[in-house]
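Got the viewer open? Here is a walk through the structure, one selection at a time.

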Amino acid sequence: MNETTLAEEEWLVFLNSLAWFNLIYGLIGVITNSFAVFVLINPVFLSFAFVVYIINIITADIGSLIVVSVYWNFIYYFSEGKIGYCELFNFVGHCTFSVTNFSLICFAFERFLILNFPLKYQAFSRRTVLLLMIFSWGFSLAINIPSIYKYEEIAVNNHTTCKLAVLDEYFSFAVSILEVGFEWVFPSCILIILNGGIIFALFRRKQISQTQKSNERAIAQALVLSCFMQVICPTPRSLMSLLLRYNLIDIKPKLYLSVTTTFMITSYSVNSYIFLMSWSQLRNQYKKILCLSK
């Protein structure tokens with residue numbers, strides 16, 4: 001009995017430590033992503049239409065980090081569900097995640113066309129990119145309306161607690177299809193196909209100038225890595241959510257959330273670093289702002 005109690009206490013210490021780590025990890029991500037947006041809104045960078053994609057992706061990541069690392073951590077670890085507005089924050093989290101997905105799809109589709117059909121297609125204009133990003137927000141808001149009803153707030157001992165809502169069988173199935181299909185399977189499949197084409201084109205193309213080739217290769221490689229992280233990191237959370245909803249596995253919510261949250265935060269934090277490391281002009285601007293340049 002004492003051994004069991006000791007084991008449970010060790011697990012609680014581990015989970016609480018991981019919760020604090022996720023909170024700090026997420027806050028660092030919010031700061032670094034916000035700084036990246038601040039740098040990228042410089043007119044020098046906005047002259048590149050594709051920067052609008054990057055700003056939109058990182059902005060959505062900031063929203064996701066606030067919901068995942070800050071809000072949900074407080075609910076499940078530090079307040080035991082005593083914070084309300086779970087429907088709102090759940091909706092925002094799903095929307096920002098979808099925006100990142102569809103922004104990456106649009107970005108990858110443009111690079112796929114440019115690299116594979118250079119004589120037929122050119123980079124989208126800034127107006128076109130901006131319209132696509134506006135559409136990504138509108139579409140994400142629309143398809144995630146059902147997620148508002150995934151959680152409900154109930155009063156327990158004079159405080160508000162967030163619990164999974166008991167949904168109608170058919171409505172629950174529809175919510176699962178939207179979450180799994182439009183947020184995980186469908187975007188992941190498209191990103192894998194488009195990035196496969198981009199990788200193939202990077203090895204095949206030889207007819208552009210060396211400077212242009214270097215710039216295109218750097219941006220394309222950063223995009224491929226960003227898409228790879230977007231496909232891999234959210235997979236544990238999406239898969240476990242699906243299995244838990246239909247009681248196909250038995251796992252404690254805190255264990256499931258704490259581990260998968262770390263992967264999610266990584267996905268939301270890494271994009272600014274990826275483009276920073278790949279794009280020399282962006283690195284130089286960082287150094288200038290931080291007074292690191294000689």
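Start by selecting Glu110 and Arg111: both of them are buried. This is a predicted model, so keep that in mind at every stop. Show the two side chains as sticks and you'll see them meet in a salt bridge, 3.2 Å from N to O. Side chains of opposite charge can pair when their charged atoms come close. How many salt bridges does a search of the whole structure find? Just one.

**Zoom out**

Now switch to a cartoon view of the whole protein. You should be looking at ten helices and two strands. Follow the chain along the sequence and the pattern reads α-α-α-α-α-β-β-α-α-α-α-α. The protein has 294 residues, and 47% of them count as buried. Turn on the surface: about 15700 Å² is exposed, with carbon and sulfur atoms supplying 69% of it. As for contacts with a separation of 6 or more, 78% are between residues 24 or more positions apart.

**Into the core**

Hide the surface again and select Leu40, Phe50, Phe107, Ile198, Trp279 and Leu282. The largest nonpolar core has 53 residues, and these six touch the most other members. Which elements give two or more residues to this core? Colour them in as you go: helices H1 (2–40), H3 (50–78), H4 (86–116), H5 (126–143), H6 (169–204), H7 (210–232), H9 (253–278) and H10. H3 gives the most, with eleven residues.

Pick out Leu282 from that group and show what surrounds it. Not counting residues up to four places away in sequence, Leu282 touches Val39, Leu40, Phe45, Phe275 and Leu276.

**The rings**

Next, look for aromatic side chains. The count comes to 15 aromatic pairs. Select Phe45 and Trp279 for one of them: this pair is edge-to-face, 5.4 Å centre to centre, with 75° between the planes. Phe45 is in helix H2 (residues 43–46) and Trp279 is in the loop between H9 and H10, so the pair links distant parts of the chain, 234 residues apart. Are these two rings buried or exposed? Phe45 has 1% relative accessibility and counts as buried, and Trp279 is buried too, with a relative accessible area of 8%.

For another pair, select Phe102 and Phe139. Here the rings are again edge-to-face, 5.1 Å centre to centre and 80° between the planes. Phe102 lies in helix H4 and Phe139 in helix H5, so the pair ties together parts 37 residues apart in sequence. Phe102 counts as buried at 10% relative accessibility, whereas Phe139, at 25%, counts as partly exposed.

Before leaving the rings, select Phe45, Phe48, Phe50, Tyr53, Phe107, Phe275 and Trp279 together. They form one aromatic cluster.

**Three single residues**

Jump to Phe182, which lies in helix H6. At 30% relative accessibility, Phe182 counts as partly exposed. Show its contacts, leaving aside neighbours within four places in sequence, and you'll find Phe102, Phe139, Ile143, Ile177 and Pro187. So what separates Phe182 from Asn144, 38 residues away along the chain? The C-alpha atoms of the two are separated by 9.3 Å.

Now go to Ser64, in helix H3. Ser64 is buried, with a relative accessible area of 1%. Setting aside residues up to four places away in sequence, Ser64 touches Ser69, Gly93, Thr96, Phe97 and Tyr268.

Then try Thr32, found in helix H1. Apart from neighbours within four places in sequence, Thr32 is in contact with Ser272, Tyr273 and Tyr286. Draw a distance from the C-alpha of Thr32 to that of Ile62, 30 residues along the chain, and you should get 9.4 Å.

**Last stop: the surface**

Bring the surface back and select Phe38, Ile41, Ile289 and Leu290. Together they form a nonpolar patch on the surface, with about 360 Å² of accessible area. Click on Ile289 to finish: its place is in helix H10 (residues 280–289). With a relative accessible area of 31%, Ile289 is partly exposed.

Technical notes. Residues are numbered from 1 along each chain as its sequence is written. This is a predicted model: local features need pLDDT of at least 70, side-chain atom pairs count only at pLDDT 80 or more; totals for chains, interfaces and linings use all residues. Side-chain values use heavy atoms; hydrogens and water are left out. Patches are made of residues with over 30% relative accessible area and no salt bridge: like charges are joined within 9 Å, nonpolar side chains (Val, Leu, Ile, Met, Phe, Trp, Tyr) within 5 Å. Accessible areas come from the Shrake-Rupley method with a 1.4 Å probe; for residues, only the protein chains shown count as cover. A salt bridge is a side-chain nitrogen of Lys or Arg within 4 Å of a carboxyl oxygen of Asp or Glu. Helices (H or I, at least four residues) and strands (E, at least two) are DSSP runs, numbered from the N terminus. Buried means under 20% relative accessible area, exposed over 50%, partly exposed in between (1.4 Å probe, protein chains only). A nonpolar core is a set of buried Ala, Val, Leu, Ile, Met, Phe, Trp, Tyr and Cys residues joined through side-chain atoms within 4.5 Å. Contact means heavy atoms within 4.5 Å. Rings of Phe, Tyr and Trp (its six-membered ring) pair if their centres lie within 6.5 Å; planes under 30 degrees apart count as stacked, over 60 as edge-to-face and the rest as tilted.
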